[in-house]
Amino acid sequence: MSSSEESVRLAAGDVELTVDPQGGCRAASLTIGGVELLRQGGRYGSFPMVPWCGRVENGVFRNGADVHQLPVNSPPHAIHGTVRDIPWRTNRAGKDEAVFTCELGEPWPYPGRVTQMFQLSDDSLTLTTAVEAYENSFPAQAGWHPWFRRNLGHADARLVFDPAWQEERGGDHLPTGRRIDPKPGPWDDCFGMPDGVSVTLSWPEQLELTVTSRAEWVVIYDEQADWICVEPQSGPPNGLNTLPRLVTPIDPLEISTTWSWRPL
């Protein structure tokens, strides 16, 4: 393990993970056998989406009678939460495990804390995120937005998953509220997997990687030629309004995902 103000590096076998706490606590790099799996760059890698995932309609959400306006950073909507844009604190960093925290605050209207843990082995990475409320309860979501390389140098990855439904996407890029049979890609869409998320990426003759989570929703984004995003999350896009999960001082929100891999 090595750490600095800029990064924390975890290692297990021939696997190396670099976390950038100053850059929104994103996984900046994941190499297996010297091969990079993640898109490089300051806004890519794999970042946590907290305290909401995907888009919030017009940046507006309600908490009981209170109406809040979030910054519209993907007009006309607010997208992907706030914690990917702020520095985190490194609470603990060992050889193959690290824990980070950040405070919720402006532009999010409620105080709280977010904790993210990384646990690395030679054949898996488990990420766990918890969202805590200090005083007032608030609706929240949590998830991750990894940018996987479509091609690792040999052939394009194949994506396999079996969702129960697809959230119909309206012209405003938000779910309409209708659940439809899954359609063929390319996608920028949310899918329901009520038995838990399970999505497999296979790079022929190289690697198979499966993303699992007990969460019931996953967004797949593969509209760009070189990247595939597999995003487990605790609720659907615009869920602060349509399916709010209330976080209270005695009931935090916790979500985990595991990436497991094997050579082909």
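The exercises below, each with a worked solution, concern a predicted model.

**Exercise 1. The cysteines**

Task: Decide how many disulfides the model has, starting from the sulfur of Cys25.

Solution:
- Step 1. The cysteine sulfur closest to that of Cys25 belongs to Cys102, at 7.7 Å.
- Step 2. A disulfide requires two cysteine sulfur atoms within 2.5 Å.
- Step 3. The separation of 7.7 Å is therefore too far for a bond between Cys25 and Cys102.
- Step 4. Cys102 is likewise in no disulfide, and the count for the model is 0 disulfides.
- Step 5. As to surroundings, Cys25 is buried at a relative accessible area of 0%, and Cys102 is buried at 4%.

**Exercise 2. The largest pocket**

Task: Describe the largest pocket by its volume, its lining residues and the elements that contribute to the lining.

Solution:
- Step 1. The volume of the largest pocket is about 330 Å³.
- Step 2. Its lining consists of 25 residues, and those closest to the centre are Gly54, Arg55, Ile79, His80 and Asp188.
- Step 3. Two or more lining residues come from each of the strands β16 (143-149), β18 (165-169), β20 (188-192), β23 (217-221) and β24 (227-233).
- Step 4. Sorted by class, the lining holds 10 nonpolar, 7 polar and 8 charged residues.

**Exercise 3. A pair of aromatic rings**

Task: Classify the pair formed by the rings of Trp108 and Phe138, and state which parts of the chain the pair ties together.

Solution:
- Step 1. The model contains 12 aromatic pairs.
- Step 2. In the pair of Trp108 and Phe138, the ring centres are 5.8 Å apart and the planes meet at 80 degrees.
- Step 3. Ring centres within 6.5 Å make a pair, and an angle over 60 degrees makes the pair edge-to-face. The pair of Trp108 and Phe138 is therefore edge-to-face.
- Step 4. Trp108 belongs to the loop between β12 (97-104) and β13 (112-120), while Phe138 belongs to strand β15 (residues 138-139), so the pair ties together parts 30 residues apart in sequence.
- Step 5. Trp108 is buried at 1% relative accessibility, and Phe138 is buried at 0%.
- Step 6. Both rings belong to one aromatic cluster, formed by Trp52, Phe61, Trp108, Tyr110 and Phe138.

**Exercise 4. Arginines over rings**

Task: Find the rings over which Arg39 and Arg179 lie.

Solution:
- Step 1. Arg39 has its charged end over the ring of Trp147, 4.9 Å from the ring centre.
- Step 2. Arg179 lies over the face of Trp165, and the distance to the ring centre is 3.7 Å.

**Exercise 5. Backbone details**

Task: Locate the cis peptide bonds before Pro76 and Pro186, then place His80 and Asn238, whose phi values are positive.

Solution:
- Step 1. Pro75 and Pro76 are joined by a cis peptide bond with omega about 5 degrees. Pro76 is in the loop between β9 (66-69) and β10 (78-79).
- Step 2. Gly185 and Pro186 are also joined by a cis peptide bond, with omega about 5 degrees. Pro186 is in the loop between β19 (175-180) and β20.
- Step 3. His80 has a phi near 70 degrees and sits in the loop between β10 and β11 (89-93). His80 is buried, since its relative accessible area is 11% and buried means under 20%.
- Step 4. Asn238 has a phi near 65 degrees and lies in the loop between β24 and α1 (239-242). At 5% relative accessibility, Asn238 is buried.

Note on methods. Residues are numbered from 1 along each chain as its sequence is written. This is a predicted model: local features need pLDDT of at least 70, side-chain atom pairs count only at pLDDT 80 or more; totals for chains, interfaces and linings use all residues. Side-chain values use heavy atoms; hydrogens and water are left out. Buried means under 20% relative accessible area, exposed over 50%, partly exposed in between (1.4 Å probe, protein chains only). On a 1 Å grid over the protein atoms alone, a cavity is a set of points where a 1.4 Å probe fits but cannot get out, and a pocket is an open set with protein on both sides within 12 Å along at least five of seven lines; lining residues have an atom within 4 Å of a point. Grid points are joined across faces, edges and corners, and a volume is the space filled by probe spheres set on the points. Helices (H or I, at least four residues) and strands (E, at least two) are DSSP runs, numbered from the N terminus. Ala, Val, Leu, Ile, Met, Phe, Trp, Tyr, Cys and Pro count as nonpolar, Asp, Glu, Lys and Arg as charged, and the others, Gly among them, as polar. Rings of Phe, Tyr and Trp (its six-membered ring) pair if their centres lie within 6.5 Å; planes under 30 degrees apart count as stacked, over 60 as edge-to-face and the rest as tilted. A charge sits over a ring if NZ of Lys or CZ of Arg is within 6 Å of the ring centre and within 35 degrees of the ring normal.
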